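Colleague: Please give me a close look at a single part of this predicted model, the strand pairing, and walk me through what lies around it.

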Amino acid sequence: EFCDSLQCFSLVHSLGGGTGSGVGTFLLPLLADHFPGTFRFVTCLLPGADDDVITSPYNTLLALDQLIDHADCVLPADNGALAHICARARG
């Protein structure tokens, strides 16, 4: 409300669980409606192959559909690849 030149919103959330995929994708259309000229950048964490949430494939698919419709830029990150990088860095 006190910003003279709002350029973008940056959202960071996971897509596999219910909260990240639900609340994160719920906010995108709201931001698009209230701030139509502002970019929406999303960094999302995709679930790994060994995810323990049974509904994570469905959550991811439904969330990606919303990201396609409402995000201007999506920067995906793979949870399995990030875990591999961390394990390799620890030695």
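**The strands and their surroundings**

Modeller: A quick overall figure before zooming in: the protein chain has an accessible surface of about 6,300 Å², 62% of it belonging to carbon and sulfur atoms (Shrake-Rupley areas with a 1.4 Å probe; for residues, only the protein chains shown count as cover). Keep in mind that this is a predicted model, where local features need pLDDT of at least 70 and side-chain atom pairs count only at pLDDT 80 or more, while totals for chains, interfaces and linings use all residues. Residues are numbered from 1 along each chain as its sequence is written, and side-chain values use heavy atoms, with hydrogens and water left out.

On confidence, the chain's mean pLDDT (the predictor's confidence in each residue, from 0 to 100) is 90, and 99% of the residues reach 70 or more. Among the elements, E2 has the highest mean, 94, and helix H3 (residues 79-90) the lowest, 90.

The chain has three helices and three strands, in the order β-α-β-α-β-α from the N terminus. These are DSSP runs numbered from the N terminus: helices are H or I with at least four residues, strands are E with at least two.

Now the pairing itself, which takes at least two DSSP bridges between two strands. E1 (residues 8-14) and E2 (residues 39-46) run parallel and are joined by seven bridges. Cys-8 stands opposite Phe-39 of E2, and Leu-11 has Val-42 of E2 as its bridge partner. E2 also pairs with E3 (residues 73-78), again in the parallel sense, over six bridges. There, Cys-44 faces Pro-76 of E3.

What links the strands? Helix H1 (residues 18-34) forms a right-handed β-α-β unit with E1 and E2. The path from E2 to E3 goes through helix H2 (residues 56-70), and that β-α-β crossover is right-handed too. Right-handed here means that, with the strands pointing away from the viewer, the path from the first strand over the helix to the second runs clockwise.

Leu-11 is a good spot to look around from. Beyond neighbours within four places in sequence, Leu-11 is in contact (heavy atoms within 4.5 Å) with Gly-24, Leu-27, Leu-28, Leu-31, Phe-41, Val-42 and Thr-43. Leu-11 also belongs to the largest nonpolar core, a nine-residue set with Leu-15, Leu-28, Leu-31, Val-42, Cys-44, Ala-63, Leu-67 and Ala-71. At least two of these core residues come from each of H1, E2 and H2. Such a core is a set of buried Ala, Val, Leu, Ile, Met, Phe, Trp, Tyr and Cys residues joined through side-chain atoms within 4.5 Å. Buried means under 20% relative accessible area, exposed over 50%, and partly exposed in between (1.4 Å probe, protein chains only); 24% of the chain's 91 residues count as buried.

Over in E3 sits Leu-75. Buried or partly exposed? Leu-75 counts as partly exposed, because its relative accessibility is 44%. With neighbours within four places set aside, Leu-75 is in contact with Val-42, Thr-43 and Cys-44.

Stepping back, 80% of the chain's contacts with a separation of 6 or more are between residues 24 or more positions apart.
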